[in-house]
Amino acid sequence: MTMKLFRGARIYTPLATGNRVMSWEKGAILARNGFIEKVGPEEEVLRDLEPAMVEQEVNFGGRCVVPGFVDPHTHMCFSELREQEFALRLSGVSYMEILASGGGILSSVRSLRAASDEKILERTKKNALTALSHGTTTVEIKSGYGLDTASETRMLRLIERAGREIPTTVIPTFMGAHAIPSEFSGDPEGYVDLLVREMIPAVSAECDPPFCDVFCEEGVFTVPQSRRILEAARKHGMKLKIHADEVVDTGGAALAAELGAVSAEHLLAARGENLAKMASEGVIAVLLPATAFSLRKPYADARKMLELGLTVALATDCNPGSSFTQSMPFVFSLAVMNMGMTVEEALAGCTLNAAKAIESDHFCGSLEKNKMADFVVLDGETPAIMAYNSGVSPVLSVYKRGECAAQRLDDWRFCR
Ligand SMILES: [Zn+2]
């Protein structure tokens, strides 16, 4: 039996019951074989503990410890960045103009289809490891830059392989309905047919992804098309997610409630009555403030959603176009600075609620007995350090299943 004791920690964690964040000034975590055996005030954790049973002891010297971050919405499996396109957007060129000149999602589709497995895998792992160094120990990664059966299957295989080759827990989502590929421009129904008749059965048989996501938005997939795709995915055993009402209120939030989706994402334009339907069906709202930041758009109305009783999760939306960040601390800081969320709400949004959005809260998202010993040591006393020390990574070390998975070793060396 391998027990590890982590002490001297100011622990902040949401709890599965009670809808609150618990904190202990002088807390400790006891981990056995990578899972939490005991967590709480140090004297309680130490009580009846045989020193001989502890193989390793680490003292965090009063630093803040929070659960490993869970990023429940990313598109970090891709081949090429689109930095030139970002520069164009900053100079005032609109996304629609960029799309018309061959940029946007479809340029990521072209580059992914042309790239080798090794190149895509390397980029995906690099993104996930950057996320890990910013405290993300569980990440969801969507397909959706393949948009044909072979390329989508290949993406899902590479996403799974990335998860096997790095310490992070990776949850794959099938998102063949991310955009209409150029082969089907002018024939969206033809692409929906392909998704329903060929792609969903094939990816389900070959990769068995737990989730299917659809970009339900004006100019992408309509509500009836999204419903058809999601119903087919459900028949093949996938749970449902929807990119809903990001730009225009087309009724995506209502569709998420109607279909009993696990989550609906973005929701900037969603109507109050549809958000209320989501709340009563237990659909989780996944908000993506880094996308609003990167697109210079207003933020989703998190306060209204919380008042309606919605469970609010936060995610990076990491992708090469509208939000290129792997940092959950950055997302946390946007949530508390620009969305009116409290420190406790934002912490729950980055951890337990995010785990619920990918149905992983039975093993991660909070520091509680029998969950994975996944946690982050911050260079501060409270989670607020993530917003207070703005623009600077507060993460000192990251533990995955009780093992140090990433650690900041050196400070800068100044040249004079
Ligand atoms: Zn997205």
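In which sense do β10 and strand β11 pair, and over how many bridges? They pair in the parallel sense, and three bridges hold the count. Here are some friendly notes on the rest of this predicted model.

1. Let me stay with β10 and β11 for a moment. Strand β11 covers residues 284-287, and Ser 263 finds its bridge partner there in Ile 284. Between β10 and β11 the chain passes through helix α10, residues 272-281, in a right-handed β-α-β crossover.

2. Going back along the chain, β10 (residues 263-266) also pairs with strand β9 (residues 239-244); the two run parallel and are joined by four bridges. Within this pairing, Ile 242 is set opposite Ala 264 of β10. Helix α9, residues 252-259, completes a right-handed β-α-β unit with β9 and β10.

3. On its other pairing, β9 is joined to strand β8 (residues 211-216) by six bridges, and β8 and β9 run parallel. Ile 242 of β9 turns up again here, standing opposite Val 214. A look at Ile 242 is worthwhile while you have the model open: Val 214 is opposite it in one pairing, and Ala 264 of β10 in the other.

4. Those strands belong to an open sheet of eight strands with parallel pairing, in the order β5-β6-β7-β8-β9-β10-β11-β12. Its edges are β5 (69-71) and β12 (312-314); each has a single partner strand, so one side of each has no neighbour in the sheet. On average, and ignoring direction, neighbouring strands of this sheet are turned by 25° against each other. Helix α6 packs on the sheet, where it touches β6 (136-142) and β7 (169-177), and its direction makes about 170° with that of β7.

5. How are the strands of the other sheet ordered? This open sheet has seven strands with mixed pairing, and the order is β3-β2-β1-β4-β13-β14-β15. At the edges stand β3 (35-41) and β15 (403-407), each with a single partner strand, so each has one side without a neighbour in the sheet. The average turn between neighbouring strands here is 30°, direction ignored.

6. One pairing in the seven-stranded sheet deserves a mention. Strand β4, residues 54-67, and strand β13, residues 375-378, pair in the antiparallel sense over four bridges. Cys 64 has Leu 378 of β13 as its bridge partner.

7. Now to the helix packing, starting with α5 and α6. The axes of helix α5 (residues 117-133) and helix α6 (residues 149-165) come within 9 Å and cross at roughly 50°, so α5 and α6 are oblique to each other. The crossing of α5 past α6 is right-handed. On the α5 side the contact involves Asp 117, Ile 120, Leu 121, Thr 124 and Lys 125, which meet Arg 154, Leu 158, Arg 161, Ala 162 and Glu 165 of α6. By character, the contact residues are four nonpolar, one polar and five charged.

8. Are α7 and α8 roughly parallel or roughly antiparallel? Helix α7 (residues 188-207) packs with helix α8 (residues 223-235) at an angle of about 5°, the axes being 9 Å apart, which means that α7 is roughly parallel to α8. From α7 the contact takes in Pro 188, Glu 189, Val 192, Asp 193, Leu 195, Val 196, Arg 197 and Ile 200, and from α8 Gln 225, Arg 228, Ile 229, Ala 232 and Ala 233. Eight of the contact residues are nonpolar, one is polar and four are charged.

9. The last pair is α13 with α14. Helix α13, residues 328-338, and helix α14, residues 343-350, have axes that come within 9 Å and cross at roughly 145°, and the crossing is right-handed. Met 328, Phe 332, Ala 335 and Val 336 of α13 meet Val 343, Ala 346, Leu 347 and Cys 350 of α14. This contact has eight nonpolar residues, with no polar and no charged ones.

Definitions and conventions. Residues are numbered from 1 along each chain as its sequence is written. This is a predicted model: local features need pLDDT of at least 70, side-chain atom pairs count only at pLDDT 80 or more; totals for chains, interfaces and linings use all residues. Side-chain values use heavy atoms; hydrogens and water are left out. Two strands pair if DSSP finds at least two bridges between them. A crossover is right-handed if, with the strands pointing away from the viewer, the path from the first strand over the helix to the second runs clockwise. Axes are lines fitted to C-alpha atoms, for helices over the stretch in contact, and angles run from 0 to 180 degrees between N-to-C directions. Angles under 35 degrees count as roughly parallel, over 145 as roughly antiparallel, 65 to 115 as roughly perpendicular and the rest as oblique. A crossing is left-handed if the near helix is turned anticlockwise from the far one by less than a right angle, and right-handed if clockwise. Contact means heavy atoms within 4.5 Å. Ala, Val, Leu, Ile, Met, Phe, Trp, Tyr, Cys and Pro count as nonpolar, Asp, Glu, Lys and Arg as charged, and the others, Gly among them, as polar.
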